Amino acid sequence: MGGLIARYYVTRLGGDERVHTLVTLGTPHQGTYTAYGWHNQLTRQLRPGSGLMRELDQPVPNCRTRFVVYWSDLDQMVFPQRNAALKHPDLSAQNIDPHGVGHMSLPIIGSVVHGISSTLAHLDSDGHTVTPGVTELRRESPDSS
């Protein structure tokens, strides 16, 4: 849920003026059918096709934030797991799938920790890329994974 809150902030509340790079871990960017197992206001928002999911799917043509999205084919909380990938035509997103990693392991697996650290280490205090040779993330086409 934290990744969706952060995404809402940068895409709907103008947070892209302050956030250069947003990293999400196991975020149900396209909703999760697991949310049908709980019946409360919060989890209803996580369902595919919910009002929140429809709002996040709306156009955001001028969003300046780049997204680094970690998702896994073994995530037990996001179902189907591919719903944790961020596929939005207006957003610059790099989707990374560390194969075979569970939801609770995403924040502690070495490759994920190293990837996040490396990504953020290349930014100055204003969020601009400072390391020579580090390329900016490019927008993915809506068809790519």
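Helices, of at least four residues, and strands, of at least two, are DSSP runs numbered from the N terminus. With those labels in hand, let's walk through this predicted model.

Start with the overall plan. The protein chain has 4 helices and 3 strands, and reading along the sequence gives the pattern α-β-α-α-β-β-α. There are 145 residues in the chain, and 40% of them are buried. Toward the outside, the chain exposes about 8,100 Å², with carbon and sulfur atoms supplying 54% of that area. Now think about which parts of the chain touch. If you take the contacts between residues at least 6 apart in sequence, 73% of them join residues at least 24 apart.

Next, let's look at helix H1, which covers residues 2-12. Which residues of H1 are buried? They are Gly3, Leu4, Arg7, Val10 and Thr11. Looking down the axis of H1, you would find these buried residues within an arc of 130°, so they line one face of the helix. A general rule helps here: an α-helix has 3.6 residues a turn, so residues three or four places apart point the same way. What does the buried side of H1 pack against? Its buried residues pack against strand S1 (21-25), helix H3 (51-56) and strand S2. The face of H1 turned away from the buried side carries Gly2 and Ile5, which are exposed. Just after H1 comes Gly14, where phi is positive, at about 80°.

Further along the chain, find Pro80. This residue sits in the loop between strand S2 (66-70) and strand S3 (92-96). What is the form of the peptide bond from Phe79 to Pro80? That bond is cis, and its omega is near -5°.

Finally, turn to the largest pocket. Its volume is about 240 Å³. How many residues line the largest pocket? The lining has 17 residues, and those nearest the centre of the pocket are Met1, Pro28, Leu46, Met77 and His103. Helix H1 appears again here: both H1 and helix H2 (41-44) supply at least two residues each to the lining. By type, the lining residues divide into 9 nonpolar and 8 polar, with no charged residues among them.

So H1 is a good place to begin when you turn the model around yourself: its buried residues pack against S1, H3 and S2, and the helix also supplies at least two residues to the lining of the largest pocket.

Conventions: Residues numbered from 1 in each chain as written. Predicted model: local features only at pLDDT ≥ 70, side-chain atom pairs only at ≥ 80, totals over all residues. Heavy atoms only, no water. 1 Å grid on protein atoms, 1.4 Å probe; cavity = no way out; pocket = protein on both sides within 12 Å on 5 of 7 lines; lining within 4 Å. Points joined across faces, edges and corners; volume = space filled by probe spheres on them. Nonpolar A, V, L, I, M, F, W, Y, C, P; charged D, E, K, R; others polar. Buried < 20%, exposed > 50% of the residue type's maximum accessible area, 1.4 Å probe, protein only. Contact = heavy atoms within 4.5 Å. Areas by Shrake-Rupley, 256 points an atom, 1.4 Å probe, with all protein chains shown as cover. Arc of directions from axis to C-beta.
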